[in-house]
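Please read the following report alongside the sequence and the coordinates, which are shown first.

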There are 2 protein chains.
Amino acid sequence: MAPRRGPPALDPAPALAALDPAAWPTPRVIVDRARLAGNIRRVQDIADRAGLRLRPHAKTHKSVAIARQQVSAGAVGVTVAKPGEAQVFVEAGIPSVLLAYPVVEPFRIDALLEAVRGQGTELLCMADRTEGAIALAAAAARHGMELPVLVKVDVGLGRLGVDPAGPAAVDLAGTIVRAPHLRFGGIMSHAGQAYAAPGRDEVAAIAEEERRTMLAVRDRLLAAGLPVPVVSVGSTPTVLAQRDFGGLTEVRPGNSVFLDGTALRLGIAAAAEVALWVLATVVGHGPRHAIVDAGSKVLSSDLGAHGSGAPGYGWAFPVLGGPPLFVERLSEEHGWLRMDGAPPPVGSRVAVLPNHACPVANLTDLLTLVGGGEPPMDIPVDARGRVR
Amino acid sequence: MAPRRGPPALDPAPALAALDPAAWPTPRVIVDRARLAGNIRRVQDIADRAGLRLRPHAKTHKSVAIARQQVSAGAVGVTVAKPGEAQVFVEAGIPSVLLAYPVVEPFRIDALLEAVRGQGTELLCMADRTEGAIALAAAAARHGMELPVLVKVDVGLGRLGVDPAGPAAVDLAGTIVRAPHLRFGGIMSHAGQAYAAPGRDEVAAIAEEERRTMLAVRDRLLAAGLPVPVVSVGSTPTVLAQRDFGGLTEVRPGNSVFLDGTALRLGIAAAAEVALWVLATVVGHGPRHAIVDAGSKVLSSDLGAHGSGAPGYGWAFPVLGGPPLFVERLSEEHGWLRMDGAPPPVGSRVAVLPNHACPVANLTDLLTLVGGGEPPMDIPVDARGRVR
């Protein structure tokens, strides 16, 4: 399979050059401190300039240390995808957590609500149907709490959310208002279809369509007498490509903290902004491939977010220099780098740019922070592997 | 994207029917005890009948408890893909471990060799080039040990291994014989190209070609005066499809312990043998999909082993009955089940048959054993997440 595009022109994690990566076992997921800080700052600046609250999606890093950096930079808290993840960040003292996933059974958030009560966290939940509101009300009642609930709107991904064209948003918001122990908190959306866009302009058009859809839903709620304190949208591509945030109150980018091959493909990030890399060792040369010790069990088999497509599994940049090699194929513990010229020598290191950073962080227990004038340090991926 | 085949006709984990899976948080990776025991027995019987040693690849389960079951059934030990994995099984007292991965730097196995010395484990290593033999010799010397080394032969996958047609096997075996602290242990191969075969007959032909290739390499080594104590082949498809094991001494199937959609697609397993399932909850209905809480972070995005292809991401069987639904698409925490008829109700459970069981076990920290007349029990995936 031939790549549809050439390799990105970038210098992978220059911090590596100052270290001795050959002394490290691999595969190892590394995060460049300077780029990480720059990425956290960039979306905070976007939010600050637009007068928005920033609530980064922590599914990308699942790390308490990085969530704290985001909050220190100005984020109101985090977004998470699972009750078990939420609990990790609540117990770590993150002040506000949005569980952006439908809860359809009360017992699934029992432990989380215990933790929320203990920490005094602001917890927001979401629902996109009556069953969800009922489950949240039952759980909140059991713990004697009042939960703010956002109504999820389907802005085109076709996954979850009420139809913005119909009466469902007003109906569900009314159900929430009437339910004991619940408070209608506003509306939220995720334009994940942006990952399938061919480039930045198309992403910006999707973001603008999402904004108009959400404002129309908000206006219908207001017309029905329902105040809408939160209008929250999220996805890294749409946040980075959007020009007009008028009327929105909150953004929830996740991947922007690391970035990856998908962000470069979409044209929404610069090559020198990618903060997460997989350091690997060349362990052999096959007939047509250099083989490295990073396979699908560290890079994942993702071609992109939501199944959007890259032609292969990333690009491998020899740490000692030389042209990048296309990651054409993966076995579980082997990356197959297409040999177009002389391959990097056995024992040498490559830094692999993955297609999708989020599943990579989820596959490792530790992220190694490098650069920034400090020695390398491992931080745990605290919220990975949660059953619930 | 339409599935190329209909759903497999099978009753997913009948043990589930005897439980109350609705009381469990999901996604949860479940293993049926009766099918697990049957799968362990099946390959042991194949090995016993053919007079072979069985050395299952533990990359599939990464679990000490399951490795012990395999050894109790008659396996000589396990195969592993990483030094860190090897260390887990060595420290757990598994008597013999084959590290089936090239070691190209001595420090990478320092901790492992410490553990081997402490436990008195038999450790076998492999090499496919001089650099590997040199690295193993240096590590063995540092620990004052003698390591048996198998020469890896490329039998058609094109990944790693010496060319069986050339002089490389004899040359490398000679290097190993002459190296202090190393002993030439024999030859090994992995016909991973079998995963791309259209069906069982073609898999059997690949297995037979692998056998003939390995015997030819063995004969050349013998003619050069080099005894070949081990002729080891491995892969679940080839072991299950092969009819004649003459001349081989060891087989190393991994996936056979669980089986999955790939094994069914290849026609090498019966539907009622699949032991690993992902239990998930229906959390909503989109315009064209029922959405469950099992996405790529538990199912992986694998279409099959070594990138071999399924049309989607598996099949979801409603636990309360009804036709299976095709898993057409994955987000990180969402499985998109194509709705062909009435969807399973929100809150109900489905058991998902994954394409590839090995990355699924690697994505969870716990496997839940069910059935077999015992209460459900979680066992740890001990060897996942090892950095080295």
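The report goes from the pair of chains to the domains, and then to the sheets and single residues.

**The two copies**

The structure is a predicted model, and its two chains can be superposed: chain A can be laid on chain B with an RMSD of 0.0 Å by a turn of 180 degrees and a shift of 0.0 Å along the axis. The two copies are thus related as by a two-fold rotation axis. Among the residues of chain A, Ser301(A) comes closest to that axis, its C-alpha atom lying at 2.6 Å.

The contact between the chains draws 49 residues from chain A and 49 residues from chain B. On the side of chain A that touches chain B, at least two residues each are supplied by β10 (276-285), α10 (296-299), β13 (325-330) and α11 (357-363) of chain A. The residues on this side of chain A divide into 16 nonpolar, 16 polar and 17 charged. Because 100% of the interface residues of chain A are also interface residues in chain B, the copies meet through the same surface.

**Two domains in chain A**

The domain assignment of chain A gives domain 1, made of 14-32 + 268-380, and domain 2, which spans 34-255. The C-alpha centres of domain 1 and domain 2 of chain A lie 32 Å apart, and 21 residues of domain 1 of chain A are in contact with 21 residues of domain 2 of chain A. On the side of domain 1 of chain A that touches domain 2 of chain A, β1 (28-32), α11 and β17 (377-380) of chain A each supply at least two residues, and α11(A) gives the most, with four residues. The residues on that side of domain 1 of chain A divide into 13 nonpolar, six polar and two charged. Helix α11 of chain A is thus named in two settings, since α11 (357-363) of chain A also supplies at least two residues of the side that touches chain B.**The eight-stranded sheet**

Chain A holds an open sheet of eight strands in the order β2-β9-β8-β7-β6-β5-β4-β3, with parallel pairing. In chain A, β2 (53-54) and β3 (78-80) stand at the edges, each with a single partner strand, so one side of each is left without a neighbour in the sheet. An open sheet of eight strands in chain B has the order β2-β9-β8-β7-β6-β5-β4-β3, with parallel pairing, and there β2 (53-54) and β3 (78-80) of chain B stand at the edges, each with a single partner strand.

The table lists some of the strand pairs, together with residues that stand opposite each other or are bridge partners.

| Strand pair | Sense and bridges | Residues opposite each other |
|---|---|---|
| β3(A) and β4(A) | parallel, three bridges | Thr79(A) and Leu98(A) |
| β5(A) and β6(A) | parallel, three bridges | Cys125(A) and Val149(A) |
| β7(B) and β8(B) | parallel, five bridges | Gly186(B) and Val230(B) |

A further bridge partner in β8(B) is Gly234(B), which pairs with His190(B).

How much of β8(B) is covered? Five of its five residues are buried, and β8(B) is mostly covered. Val230(B), Ser232(B) and Gly234(B) point one way from the strand, whereas Val231(B) and Val233(B) point the other way, and all are buried. In chain A, six of the seven residues of β6(A) are buried, so β6(A) is largely enclosed by the rest of the structure.

Helix α7 (residues 200-223) of chain A lies across β6 (147-153), β7 (182-190) and β8 (230-234) of chain A, and runs at about 155 degrees to β7(A).

**A closer look at Ala169(A)**

Ala169(A) has its place in helix α6 (residues 168-178) of chain A. Is Ala169(A) buried or exposed? With 27 other C-beta atoms within 10 Å, Ala169(A) is buried, because 20 or more such atoms are enough for a residue to count as buried.

Leaving aside its neighbours within four places in sequence, Ala169(A) is in contact with Val151(A), Val153(A), Val162(A), Pro164(A), Ile187(A), Val217(A), Arg220(A) and Leu221(A). Several elements already described can be recognised in this list: Val151(A) and Val153(A) fall within β6 (147-153) of chain A, Ile187(A) falls within β7 (182-190) of chain A, and Val217(A), Arg220(A) and Leu221(A) fall within helix α7 (residues 200-223) of chain A. Pro324(A), by contrast, is 155 residues from Ala169(A) along the chain, and the C-alpha atoms of Ala169(A) and Pro324(A) are separated by 49 Å.

Methods. Residues numbered from 1 in each chain as written. Chains lettered and ligands numbered in written order. Predicted model: local features only at pLDDT ≥ 70, side-chain atom pairs only at ≥ 80, totals over all residues. Least-squares fit on C-alpha atoms with pLDDT ≥ 70 in both. Contact = placed C-beta atoms within 7 Å. Nonpolar A, V, L, I, M, F, W, Y, C, P; charged D, E, K, R; others polar. Domains from an automatic or database assignment. Pairing = 2+ DSSP bridges. Axes fitted to C-alpha atoms, helices over the stretch in contact; angles between N-to-C directions. Buried ≥ 20, exposed ≤ 12 C-beta atoms within 10 Å, placed from the backbone.
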